[in-house]
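Colleague: I am new to this structure and should be grateful for a close look at a single part of it. Please take me through the surface where protein meets DNA, and then place that surface in its wider setting.

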2 protein chains.
Amino acid sequence: MAKNTPRREQALTRERIIEASISLLDSRGESGLTFRALAEELSTGAGAIYWHVANKNDLMTAACDALVARTLEVPVIEAAPQDVIRAVALGMFDAINAHPWIGSALARAPWQSPIVRLLERLGQQVRAMGVAPAGQFAAVSALLSYILGVSGQNAANAQIGKELGGDREAILAQVAAAWSALDADAYPFTRSIAPQFREHDDRADFLAGIDLILRGMALPG
Amino acid sequence: MAKNTPRREQALTRERIIEASISLLDSRGESGLTFRALAEELSTGAGAIYWHVANKNDLMTAACDALVARTLEVPVIEAAPQDVIRAVALGMFDAINAHPWIGSALARAPWQSPIVRLLERLGQQVRAMGVAPAGQFAAVSALLSYILGVSGQNAANAQIGKELGGDREAILAQVAAAWSALDADAYPFTRSIAPQFREHDDRADFLAGIDLILRGMALPG
DNA sequence: ACCTGAACACCGTTCAAGT
DNA sequence: ACCTGAACACCGTTCAAGT
């Protein structure tokens with residue numbers, strides 16, 4: 001055996017670990033990211049990964065951060081601040097739809113790097129909108145919380161969808177049917193909204209919520 | 001041994017299991033809820049619990065639902081719809097502050113019973129506000145997503161706070177310091193907001209976000 | 001400095017067997 | 001019908017030992 005035979009094609013780096021994590025998360029879902037699976041994918045031992053990564057939480061946050069960075073990388077179009085905010089929000093919505101695990105990862109990373117990226121992007125636009133300095137943090141925080149809330153729900157929906165076989169139409173119909181069967185006295189609103197729910201468009205409703213907040217922000221006072 | 005000696009004081013019921021789960025979650029945090037710990041608490045075997053509960057997810061959702069139900073149980077004060085919405089939202093905020101694990105449980109229970117309780121309460125008020133039927137679902141959905149987003153972040157904050165020793169002041173200061181140290185070109189907004197963040201009031205900002213959405217909803221069209 | 005892989009201390013869930 | 005508890009198939013994480 002030559003002594004300088006490399007043990008593998010590429011050296012094990014934090015970046016390679018993160019990339020492998022993303023592809024594992026995308027292909028096998030949240031429960032598919034395992035130190036053992038990762039080690040096999042990278043042709044190494046489970047313990048080796050700990051040299052580059054503190055723990056699983058660190059790994060998830062890093063994977064999430066990499067995708068959020070990519071999502072926000074798109075060139076900033078010259079547009080009204082409100083439109084940029086809409087674009088950023090929709091970009092996140094689409095990214096989470098494509099990689100549902102980001103939703104759960106974001107929920108567990110309070111004020112960490114992926115969130116800060118978003119905060120910065122939204123904040124610059126909120127400032128450009130002319131929101132008073134004293135209200136800027138609260139305004140950005142509201143946008144952020146809303147986006148994260150939708151993210152989390154969408155991630156959970158996707159998870160359940162995968163478990164139940166994936167047919168979105170069927171799941172919506174099932175939920176709508178359950179709502180229609182609720183007690184008429186206790187749940188009048190939910191019952192009445194069931195048909196609307198069945199045909200609702202997550203993306204359109206998401207944007208409607210963003211617009212609600214933006215409209216509230218644009219008002220004086 | 002008499003044959004009719006009861007094996008334990010009380011029979012094992014779904015309710016007792018849920019109560020024990022809540023107290024375990026409150027005292028030991030999210031990772032403290034374990035079938036083994038639960039079994040010991042209830043003087044039974046781990047497997048016995050499965051007779052009354054489908055799985056851990058079912059258990060978490062049920063525990064969450066019980067607390068949400070209690071939170072929404074408070075008598076509806078005769079007040080303007082906006083004020084009732086504020087009160088409901090604040091009630092949820094405080095409940096999640098007291099039991100951070102609700103935040104994570106809610107995030108994983110899309111359109112399940114705890115969420116439906118909230119949906120109903122908010123929906124009745126949105127309708128009372130006079131929002132057009134076609135916009136009611138989107139409006140409630142926005143409020144709901146926002147509340148869940150804040151919930152999730154708060155739950156994660158509490159989790160990290162517990163891990164790091166619990167001093168909120170110190171954690172805020174630490175995050176603010178990290179933000180101030182960010183690259184000046186890439187993160188101008190985050191840097192500028194750091195002092196504000198250090199002294200921000202989660203509850204006040206939460207309410208400010210609710211008001212933003214309510215204001216947006218009250219506008220025509 | 002970086003990697004190996006066995007070992008540790010857990011998990012949720014199942015299921016034959018009991019009452 | 002309800003409960004027992006051992007067993008199964010996993011986890012994340014650590015660490016002595018290697019290169």
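**The surface near the DNA**

Modeller: Of the atoms of DNA strand C that lie within 4 Å of the protein, 56% belong to sugar or phosphate, and the rest belong to bases. This description rests on a predicted model. DNA strand C is surrounded by 18 residues, and the closest are T44(A), H52(A), R36(B), Y50(B) and K56(B). Residues of chain A and of chain B thus appear together in that list.

Individual atom pairs show how both parts of the strand, backbone and base, are approached. On the phosphate side, an N or O atom in the side chain of H52(A) is 2.6 Å from a phosphate oxygen of DNA strand C. G45(A) also approaches a phosphate oxygen of this strand, but with a backbone N or O atom, at 3.1 Å. On the base side, R36(B) has an N or O atom of its side chain 2.8 Å from a base oxygen of DNA strand C.

Two helices each supply at least two residues of the surface near DNA strand C: α3 (46-49) of chain A and α2 (35-41) of chain B. By residue type, that surface divides into 6 nonpolar, 7 polar and 5 charged residues.

For DNA strand D, the list of closest residues is R36(A), Y50(A), K56(A), T44(B) and H52(B), out of 18 that surround the strand. Here too, sugar or phosphate accounts for 56% of the strand's atoms within 4 Å of the protein, with bases making up the rest. R36(A) places a polar side-chain atom 2.8 Å from a base oxygen of DNA strand D. Two further residues approach phosphate oxygens of DNA strand D: Y50(A) does so with an N or O atom of its side chain, at 2.7 Å, and G45(B) with a backbone N or O atom, at 3.2 Å. The elements that give two or more residues to this surface are α2 (35-41) of chain A and α3 (46-49) of chain B. Its residues comprise 6 nonpolar, 7 polar and 5 charged.

The wider setting is the pairing of the two protein chains. In chain A, 57 residues are in contact with 57 residues of chain B. The two chains bury about 4,700 Å² between them, and 66% of this area is on carbon and sulfur atoms. There are 0 salt bridges between chain A and chain B, while 9 residue pairs are in polar contact, counting pairs with both residues at pLDDT 80 or more. On the side of chain A that touches chain B, two or more residues come from each of α6 (101-107), α7 (113-128), α8 (133-164), α9 (168-180), α10 (188-198) and α11 (202-218). The largest share, 18 residues, comes from α8(A). That side of chain A divides into 35 nonpolar, 16 polar and 6 charged residues.

One last detail concerns aromatic rings, of which the whole structure holds 16 pairs over all chains. The ring centres of W179(A) and F197(A) are 4.5 Å apart and their planes lie at 40°, so this pair is tilted. The pair links distant parts of the chain, since W179(A) is in helix α9 of chain A and F197(A) is in helix α10 of chain A, 18 residues apart.

Terms used. Residues numbered from 1 in each chain as written. Chains lettered and ligands numbered in written order. Predicted model: local features only at pLDDT ≥ 70, side-chain atom pairs only at ≥ 80, totals over all residues. Heavy atoms only, no water. Contact = heavy atoms within 4.5 Å. Buried area = accessible area lost by both parts, 1.4 Å probe. Salt bridge = Lys/Arg side-chain N within 4 Å of Asp/Glu carboxyl O. Polar contact = N/O pair within 3.5 Å; in protein donor to acceptor, adjacent residues only side chain to side chain. Helix = DSSP H or I, 4+ residues; strand = E, 2+ residues; numbered from the N terminus. Nonpolar A, V, L, I, M, F, W, Y, C, P; charged D, E, K, R; others polar. Near = heavy atom within 4 Å. Phe/Tyr/Trp six-rings, centres within 6.5 Å; stacked < 30°, edge-to-face > 60°.
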